[in-house]
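Could you take me around this structure in my viewer? I would like to know what to select next and what is there.

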Amino acid sequence: MPPFLARTIWLASAALTLLLLSQPLGTTVQLEMSIGAIVLMGIVWLFGRGRRSRLVFLAIGSLVVLRYIYWRLSSTLPPTSDPLGFAMGVILIAAELYCFYILALSLVINADPLHRAPAPRDEDEDLPTVDIFVPSYNEDRHILATTLAAAKSLDYPAGKLTVWLLDDGGTDQKCADGDADKAEEARARRQVLQSLCADLGVSYLTRRRNLHAKAGNLNNGLQHSVGEIVVVLDADHVPFRSFLRDTIGHFGADPKLFLVQTPHAFLNPDPIERNLKTFDRMPSENEMFYAVGQCGLDKWNGSFFCGSAALLRRRALDEAGGFSGITITEDCETAFELHSRGWTSIYVDKPLIAGLQPETLSAFIGQRSRWCQGMLQIMILKNPMFKGGLKPIQRLCYLSSMTFWFFPFPRLIFMIAPLLYIFFDMKIVVANVDEAIAYTATYIIVNLMMQNYLYGHVRWPFVSELYEYVQGLFLIKATAAVIASPRKPTFNVTAKNVSLDHDHLSPLALPYVVVFAILFVGAGVSIYRYTFEPGITNLMLVVGLWNLFNLITAGAALGVAAERRQSEKAPSLPVDRTAVLTLNGSAIDVTVERISSARCRIRMDAIVPMRRSDDGSIGTLSARDHGPLPLLSHARAIPVRVAGVTAAGEESVCELVFETLTPGSYLALADLMYGDAEAMTRFQQRRRGHKGLVSGTVQFIAWGLIGPFRAFAYMMSGSALRPTAEADPAPTQRRERLRAVDRTVPADPAPVQRKAERHEEADLTPRRAGEAASWRQMMADAADTTIGSEQRRRTSDGPVPAPAGLSG
């Protein structure tokens, strides 16, 4: 069938459908039709399979949604004789229309998401050269060493791979800061990271000034590198060994391809997952976007750069003038510009990195504020509707991703609306109880069914509402600020890898407490008025139930604000890797079951060789088969201490704590923890069991009931966030220690063993919220650890090449 004829038939069918939906019906008939649609959707859900059934299910649900929207617009607005009620009614229906708009776009984009075949595997001689950029600002040495070691260990020809640390924390501008302590700390950071890069065979690069934040840092990397493909990895996004092999082949198949984006997967829970204790059983919030949303965008050539875990073609970046830096979300802005120039993108739906999420609610809100403001900046300054070069469906894809961030306004409106009727008897919706059941209740059920049908394996019922409410109270201000002044927002680095050593109430808890208290009073007033006040109709019951749902949401949010302590200081990953434990002169084959950057659990057939009183508990752990990985002068093994042994039948299960990690130890850690990308896939799949509407609703209610009691308990205990690191010495003492280190670092120091307890506190324990890594402290400790070879000089804005024999 010719495309023109197909479009004509489709438009005619749509017009006829809308005409039928606008026909007047009695309330009883409407209820019967809606119930019939729900039953039919249930039948299709249970027995239908494949793409056709999926589209039929969504089409039936869409008819109910359209019928509800028509009823709201045509029959429920207050009369204009009540100006205040009419104004509030218009605001409420505007919020509902926004939700309908987001739903419609999501159905268009995600109704039939694309699932791509694996990337072609090219011969080594045909592979392009690759530069891996790891931009850094204030991350500590341990995080950077883990990421750089894993990047250096990727399965890729060594002569075609260069890893770059792009250090924005040691720029000339920072090293010459007017504050002597800040300048000294920046110089110390630069020296430590130069030494680390030299030991790992990684190129170190900084620049003169911190201009244009992350985009400027990446563009500086482009100026000093030549690889055909550029990989961007956040400092705390550690790649699995197959990262390049699973992605790079797509570039050879499409010369106009500028981007291959992979999912962001995380080892640690975000504050909502941790505080509600769902990390091991509920899909993370980001999985809905990466498992469904990006696949839907990919179908329309609309998947975009997400800032990390991505490969970009240098030729495309050069054409666009590098990474875009007008807004604070340089990733989406860069993709937006390149899509408008006719370049294409691909999304690979396989987790190939393991990252860290913000630990505290404050850091989480700060991160989402930046995302919100950046996406709205793009929409305002470079509106997709008027951007040349984009196809119509691409405009919708970008509009969907950008206008989503207006959600704080409708969330606030839905929270306030029932209170207006409860407290002030303001009727902003003209409807009786029968109409509310026939239209509103069935619409809500159908909406929930469609969401659960599309996203049930990656999003539990009502969890979206909770995430949006938790963010919305604070994003209102961020949204308003960027609307008022689109160019004003500045880039702020998200605080991660912090330590929460005890339960406490978040510093951001007050707004959640206030809103909960207002809604709780509203619930009491609605019950009183419905029970005792004459003339109150059953409409108060309906509005009271609406307010009750808001109260449960606010109660669950209080549970989020009641922050639990971390269950593990270093996030771990279940793996199944063979390794060798060397202990007391014996080499034992073991299986690593679970591993973090600080410790691991192993299983072995033998008994731990610790029979004599003089046997030690210190040994080494290394991967059984390194494969074609880069070799360094350091031993590729992790120094470990046996912390506990448990008999398990004929096997032994041991807990090993890592001792001081050398550069070679980080490479061994990369082998064991990040050698198999399937480990992250298995972890995600275990959490993706479909959560039904009934069980999901019960769980949500439980959170809403328990959350306020836990928050109140934390409040009464007077819990507050306490620092976990030792106080930094006085400035004079710090300077003296730094001078002493500069004089005493040996050219080839021998490794010095430290107790595991000190190691975990000084090297592996993340900092508390808002506290940057102390580079002065690292330099002071340098005399006690393996520093590496002699520091090399470099010119400003110039690369530091890898040592001879270690390049590539």
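Here is a short tour of a predicted model, starting at a sheet and ending at a cavity.

**The sheet.** Begin by selecting the open sheet of seven strands, ordered β3-β2-β1-β4-β7-β6-β8 with mixed pairing. At its edges you will find β3 (203–205) and β8 (344–347), each of which pairs on one side only. From one strand to the next, the twist averages 20°.

**One strand pair.** Now pick residues 130–136, strand β1, together with residues 161–167, strand β2: the two run parallel and are joined by seven bridges. For a landmark, show Ser 136, which stands opposite Asp 167 in β2. Then add residues 141–152 to bring up helix α5, which lies across β1 and β2 and runs at about 160° to β2.

**The cavities.** Next, turn to the empty space. The model has three cavities of 30 Å³ or more, and the second largest holds about 110 Å³. Which elements give two or more residues to the lining of the second largest cavity? They are α17 (433–455) and α18 (463–484), with α17 giving the most, four residues.

To see the whole lining of this second largest cavity, select the following residues:

- Met 288, Leu 448, Gln 451 and Asn 452
- Tyr 455, Arg 459, Trp 460 and Pro 461
- Phe 462, Ser 464, Glu 465 and Leu 693

Try colouring them by character: seven residues of this lining are nonpolar, three are polar and two are charged.

Definitions and conventions
Residues numbered from 1 in each chain as written. Predicted model: local features only at pLDDT ≥ 70, side-chain atom pairs only at ≥ 80, totals over all residues. Heavy atoms only, no water. 1 Å grid on protein atoms, 1.4 Å probe; cavity = no way out; pocket = protein on both sides within 12 Å on 5 of 7 lines; lining within 4 Å. Points joined across faces, edges and corners; volume = space filled by probe spheres on them. Nonpolar A, V, L, I, M, F, W, Y, C, P; charged D, E, K, R; others polar. Pairing = 2+ DSSP bridges. Axes fitted to C-alpha atoms, helices over the stretch in contact; angles between N-to-C directions. Contact = heavy atoms within 4.5 Å.
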